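This briefing is for a reader meeting the structure for the first time. It begins with one term and then moves from the whole chain to single residues.

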Amino acid sequence: MALSDVSYFGIRHHGPGSADSLVQALQELKPVAVLIEGPADASPLLPLLAHPEMQPPVALLGYPEDDPASTSFWPLAEFSPEYQATLWAVTNNAAVRFIDLPSSARTAPIEVVGETDSDGTEANVEADLAPHLRDPIGTLAQAAGYEDGESWWADIIEQNPEPGPIFAAIADAMTTLREGEGPLAEFEAKREAHMRLEIAAARKEFDGPIAIVCGAFHVPALQATRPLKEDQALLKGLARRKSMMTWAPWTGPRLALGFGYGAGVVAPGWCKHLWQTRGQGDSSVLWLAKIAAVLRAKGHMVSTASLIEAERLARTLAVIRERPKPGFEELRDAAIAALFNGEALLWALVEAELLLGADVGEIPPDTPLAPLIEDLQRSQKAARLKPEALERELSVDLRSESGLFRSTLLHRLSVLGVHWGKLTDSGRSRGTFRERWMLSWEPEYAVRLVENLVYGPTIEKAANGRLIQMIGAATSLDAMAALVQGAITANLSEASAAGLAALEERAARSSECLEILTSVPPLADIIRYGEARKTETARLSGLLERLIVEGGIALAYAARDLDAQASTTLVGAMRKADEAISLVEPEQDVLDIWRNGLAAVLDGSRSTALVAGCAAHLLYEAGHLSADAATGLIARRLSPGTPVTEAAGFFEGFFSTAGQRLIYDQGLRGAVDAWLASLDEEAFIAHLPLLRRVFSHLDSMERRRLIEAVLGRTARLPAGLTPTPDGGEAWRRHLERLGPLLMSEAGNG
């Protein structure tokens, strides 16, 4: 029977100095086996970390086969001790295994980060390779007079060149820390029992030194001698579920504590810098050089003298703070003083890039992946889109095959809740064939892809399946229309066909005017811009025309006796529907029915004034209401005989998006003037918010032109008000009040 000596190395996860000390210790020990704290069922995946195409940060991804939504992650960075221990083992032909409880025995993660999806689901991300309920490092730091564990560990461990004594000291400190404590939580106790059993089995299997790499807190418990039967009894009846394990890309920023990762570090970028510059000289000087490079790349001048001054100041701060060497905090403070002229806000320009980084891991192509993740990687390569942690803009030309492919991929991922790209501007101001996206990859997107496996094994099939389910659950015509728009935009033929069928059925049963009107814009958008995506729109055109007819017929009844909120909602739907109808240019008889509906609203005695004003404006813009007729109409609807609230409602409905008309149309100005001049002071003041809303749509130049149209080009407001020659005293009265209002709005514009 083989019997091996066992050495225990208590580490801090994602510690570059800890990783460096561990590699030195392993090189000195030369173990035949390296046992690492981590899910035991993932052991077959460990050698993949040494694959030439594996680029950290990466994470183990595990999920129950019958419940993909319960996904967990175990992140690893280049500077993680577990990662470096695995590389050493593979390079030196040593056996390497995980020894913690298998993922199949973890019914729920202990420490998780909850990421809420757009549809309300939650993706659970395991916080650590060794989650625990204490902060032992923080306790030791407090005893040593430090404010936080991060600084203590950096000074005592990360910058200590002697690995052997350090690991022995850590074991002694943790033993003392755990003495006198009460029993562990049941799950923690089971984890340590499982690791002890795995170590005992390894001692029998291997002949030679064995290295145990685990969280520092667990070292005393794993070193302790306990009867095997006790540990076996503790694990008896442990529930297990068949689970799937693979590797997934992770990002540098998601290794940070600030992103809610319980076992994270304050500054992943600094940790990576310490790891990559070990043995290359003074890391402080190299870090300042990196700051200078980032600043110069952003167009800022950084002199050598300023860098020398920053380096001296950082060393002085370290002495004052009783630290052995400057940390990133001292270098940050010194840079702000010497390179940013004391402006801490300027540091924010480079802070994320330096302290968090923009790294996104890469997985070898032959890694066994979850089907959707594998399909995503193929699609990313085909689209020539590399995931990046920091935001970057992408312009897509839909006329090119590559541009259309990229757009389709991003839209399909959005359907699945993977918002790698966010559409910022469809580019319609520059034509119908351009989209602008803002790309930023988040590691939890891999979780969401796993969750969507229930809909299909490829991105296309899963997006079709999820959209079909969402269409079936939609309860309104407008919601259904938006989903159909998404299906056609993402080129999802199955979901498009199912959505159109459901939309036609729902439209046949719908008589709610607001629901009909809000469904018009997304359908019109598909027809108007479908050419760029080679969309077949014949069937959709017929459905849209039917909805326009039904909306026009129902409009007069929908506009009756509405409260303020309902009338505002209807006006918004009318404007958007009218704009969409103008874009698609339907048959003349269909267009006539819509215009007749607007006219019926205008003429209806029970139509709410705000809605009637909107209808009048839409008819006026369409040429169905002449300038003279519009002037007469406004004069009547704003006459002294009309209640002030109704007149104000009609005024807002007509001019809320048409204030420019007052600049060029003298007749409309005269009608509005007569109404304003008829208001007493109290009523005028009460309606100032209304005037502000109307004029808020004018930019500063348009406001200036309106004043000049009223007072003449030589006007000087508000110092001296001179009425135009044909303005009369009425202009003087209300412009003494209105002029300062316009000028204040112009100043704000």
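Two strands are said to pair if DSSP finds at least two bridges between them. Strand β3 (residues 58-64) and strand β9 are joined by seven bridges and run antiparallel. The model is predicted. Its protein chain holds 32 helices and 12 strands.

**The chain as a whole**

- Of the 749 residues in the protein chain, 53% are buried.
- The chain exposes about 33100 Å², and carbon and sulfur atoms supply 52% of that area.
- Among the contacts with a separation of 6 or more, 74% are between residues 24 or more positions apart.

**The sheet of β4, β3 and β9**

- Three strands form an open sheet in the order β4-β3-β9, and the pairing is antiparallel.
- The edges of this sheet are β4 (72-76) and β9, each of which pairs on one side only.
- On average, neighbouring strands of the sheet are turned by 20° against each other, with direction ignored.
- Five bridges link β3 and β4, again in the antiparallel sense.
- A59 has a partner on either hand: P75 stands opposite A59 in β4, and A248 is the bridge partner of A59 in β9.
- Strand β9 covers residues 243-249, and six of its seven residues are buried.
- Helix α16 (residues 444-451) lies across β3, β4 and β9. The helix runs at about 25° to β3.

**The loop before β3**

- P57 is found in the loop between β2 (33-39) and β3.
- The peptide bond that leads from P56 to P57 is cis, and its omega is near 10°.

**Helix α19**

- Helix α19 takes in residues 493-509, which makes 17 residues. At 1.5 Å a residue it should span 24 Å, and the 25 Å between its end C-alpha atoms agrees with this.
- Which residues of α19 are buried? They are A495, S496, G499, L500, L503 and A507.
- These buried residues cover an arc of only 130° around the axis, and therefore sit on the same side of α19.
- E505, A508 and R509 are exposed on the other side of α19.
- The spacing fits a general rule: an α-helix has 3.6 residues a turn, so residues three or four places apart point the same way.

**Helix α23**

- Helix α23 runs over residues 588-603, a stretch of 16 residues. Its expected span at 1.5 Å a residue is 22 Å, and its end C-alpha atoms are 22 Å apart, which agrees.
- The buried residues in α23 are V590, L591, W594, R595, G597, L598, V601 and L602.
- Seen down the axis of α23, the buried residues fall within an arc of 145°, so they line one face of the helix.
- N596 and D603 lie on the other side of α23 and are exposed.

**Two loop residues with positive phi**

- D561 is found in the loop between α21 (538-558) and α22 (564-584). Its phi is positive, about 50°, although D561 is not a glycine.
- E585 is found in the loop between α22 and α23. Phi of E585 is near 50°, a positive value in a residue other than glycine.
- Is E585 buried or exposed? E585 counts as exposed because its relative accessible area is 65%, and exposed means over 50%.

**Two buried helix residues**

- Q380 has its place in helix α14 (residues 371-383).
- Q380 counts as buried because its relative accessibility is 10%, where buried means under 20%.
- Leaving out residues up to four places away in sequence, Q380 touches L385, P387, L409, W420 and W441.
- A310 lies in helix α11 (residues 304-320), and A310 is buried with a relative accessible area of 0%.
- Which residues does A310 contact, leaving aside neighbours within four places in sequence? A310 is in contact with L288, A334, A338 and L339.
- A310 and L288 are 22 residues apart in sequence, while their C-alpha atoms are 7.9 Å apart in space.

How values were computed:
Residues are numbered from 1 along each chain as its sequence is written. This is a predicted model: local features need pLDDT of at least 70, side-chain atom pairs count only at pLDDT 80 or more; totals for chains, interfaces and linings use all residues. Side-chain values use heavy atoms; hydrogens and water are left out. Helices (H or I, at least four residues) and strands (E, at least two) are DSSP runs, numbered from the N terminus. The expected span of a helix is 1.5 Å times one less than its number of residues. Buried means under 20% relative accessible area, exposed over 50%, partly exposed in between (1.4 Å probe, protein chains only). The arc is that of the directions from the helix axis to the C-beta atoms. Axes are lines fitted to C-alpha atoms, for helices over the stretch in contact, and angles run from 0 to 180 degrees between N-to-C directions. Contact means heavy atoms within 4.5 Å. Accessible areas come from the Shrake-Rupley method with a 1.4 Å probe; for residues, only the protein chains shown count as cover.
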